[in-house]
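Open the model in your viewer and set it to cartoon display. The stops below say what to select next and what is there.

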Amino acid sequence: MEEDLFTLSGDAPAPRTLSEGNRDHRAPLAVRMRPRSLEEVVGQHKVLDPGSPLRRLVAADDARTAPASVILWGPPGTGKTTLAYVVATSGDREFVEVSAVLAGVKELREVIDRARSRLRTTGRETVLFVDEVHRFSKSQQDALLPSVENRWVTLIAATTENPFFSVISPLLSRSIVLTLESLATEDLEELVERALTDERGLGGEITLTDEARSALLRLGGGDARKILTSLEAAAGAALMRGAHEVDADTLAQAVDRAALRYDRDGDQHYDVTSAFIKSMRGSDPDAALHYLARMIEAGEDPRFIARRVVIAASEEVGMADPQALQVAVAAMQAVQMLGMPEGRIPLAQAVVHIATAPKSNRSYQALDAAIADVRAGKGASVPAHLRDAHYGGAKSLGHGEGYRYAHDAPHGVARQQYLPDDLADAHYYEPTARGAEGQIARSLPELRRIVRGEELSS
């Protein structure tokens, strides 16, 4: 969590503005490099489009057209506090930050009373930034309602959790929810380059090797603050040795992450990913969790990991345990909603489920066999009784004639040809006897006997 600019203790310093923080060379690199205007913000193009709520808050030509409350929802390090700072420093607004972890109802009301008095006596507006608003209780969120309703403050709240579940409806209805995305690689590269060269940052004293730069971006996992903090630690380690270049070893030592040697674009990436998939296929949950841990610790994109888990659920488990795919998809969605590090928890659950589930690859093998026939030119016309008969003139062409509605047949299965004539006897799907697929293996011969008139094998 970022340093509070407003604390609740009796000896608390006065609130500090963004420009003051940038001039303080004792401040962390992530603080010094905070953008001073929306033009300096990297990424988040969707929420910074002309006419967007944030643009209107910064312009504030007419308070009646600007939103009174904005909720910024996104993963850590995507710029929620930064955007609040930029809004606050535009138009000479007072900026007050409170943490939902520390502030109670009493403290909130004191902040709001001072903001109301300031507005009445000086006309100066107050931007109230509430970090981790999802941690506020209902009574604490209720305490914010009058100030938002009457525009005594401009509320900017930040949360990493879905506000539609964690913020009370009255406050949500009075707010504009803006979703922030993890920063793209090109945005993070721009951020690092600016920190290396800008006088507010390292002022050209430090350079990065290509390997160290790649490792730094990977380590950050889309979290700008984490990347700048790691860069600052590595730069300090290099300068202590009298060096002005940070290589991968210096970075790894500075942030205590041996996993930085994992090359996301090289052999390690492919080898670890291959071992991860084969461990799930091979029913070894311990090995699968080991390789999952290596990818997570190396900063592998969690969306990439989640996609591999979803593929494995169908490719390796398939119909032997149809729930595996549901678990994997739910884990992928949870990763997108939670971000990291919390996203590792549903990923682990899905990996263990897949590794310990019965295995079958027959459904996707069946599709590959069908694709091979189609590519070989097999597959004559669709049988006439299966063709669309809903448009005018279709029945005169014989479409739908003789079609048997399966639900009218005993057991809901009718004798009927579904495949084209040249593939009428094709068998693509051959289930195993493992897990839930075993039931399909027992019932499929009977289905084929009824549908196709095939004899049951003894």
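Select β2 and β3: these strands pair in the parallel sense over 6 bridges. This is a predicted model. To look at one rung of the pairing, pick E94, whose bridge partner in β3 is T126.

Now widen the selection to the whole sheet. It is an open sheet of 5 strands with parallel pairing, in the order β2-β3-β4-β1-β5. Go to the edges, where you will find β2 (94-99) and β5 (176-179). Each of these two has a single partner strand, so one side of each is left without a neighbour in the sheet. Turn the view to look along the strands: neighbours in this sheet are turned by 20° against each other on average, direction ignored.

Add α4 (80-89) to the selection. The helix α4 lies across β1 (69-73), β2, β3 and β4, and runs at about 175° to β3.

Next, show the second largest pocket. Its volume is about 470 Å³. Which residues lie nearest the centre of this pocket? They are P76, K80, E132, H134 and T160, out of 22 lining residues. Colour the contributing elements: α4 (80-89), β3 (126-131), β4 (154-159) and α16 (323-338) each supply at least two residues of the lining. By class, the lining divides into 8 nonpolar, 5 polar and 9 charged residues.

Stay at the pocket and centre on E132, one of the residues nearest its centre. E132 is in the loop between β3 and α6 (138-149). Check the backbone here: E132 has a positive phi of about 55°, although it is not a glycine. Most residues other than glycine have a negative phi.

A second backbone stop is the loop between α16 and α17 (344-356), where P341 is found. Select M340 together with P341: the peptide bond from M340 to P341 is cis, with omega near 10°. Most peptide bonds are trans.

Move to a pair of helices, α10 (residues 210-220) and α12 (residues 248-255). Their axes come within 8 Å and cross at roughly 35°. Show side chains for E211, A212, A215, L216 and L219 of α10, and for A248, L251 and V255 of α12, which make the contact. What classes of residue meet between α10 and α12? The contact has 7 nonpolar, no polar and 1 charged residues.

The last stop is a charged pair. Side chains of opposite charge can pair when their charged atoms come close. Select E110 and K106, whose side chains meet in a salt bridge at 2.8 Å, N to O. Both are in helix α5 (residues 105-122), and being 4 residues apart they are separated by about one helical turn. To go on from here, display the salt bridges of the model; the count comes to 18, with a side-chain nitrogen of Lys or Arg within 4 Å of a carboxyl oxygen of Asp or Glu as the rule.

Note on methods:
Residues are numbered from 1 along each chain as its sequence is written. This is a predicted model: local features need pLDDT of at least 70, side-chain atom pairs count only at pLDDT 80 or more; totals for chains, interfaces and linings use all residues. Side-chain values use heavy atoms; hydrogens and water are left out. On a 1 Å grid over the protein atoms alone, a cavity is a set of points where a 1.4 Å probe fits but cannot get out, and a pocket is an open set with protein on both sides within 12 Å along at least five of seven lines; lining residues have an atom within 4 Å of a point. Grid points are joined across faces, edges and corners, and a volume is the space filled by probe spheres set on the points. Ala, Val, Leu, Ile, Met, Phe, Trp, Tyr, Cys and Pro count as nonpolar, Asp, Glu, Lys and Arg as charged, and the others, Gly among them, as polar. Axes are lines fitted to C-alpha atoms, for helices over the stretch in contact, and angles run from 0 to 180 degrees between N-to-C directions. Contact means heavy atoms within 4.5 Å. Two strands pair if DSSP finds at least two bridges between them.
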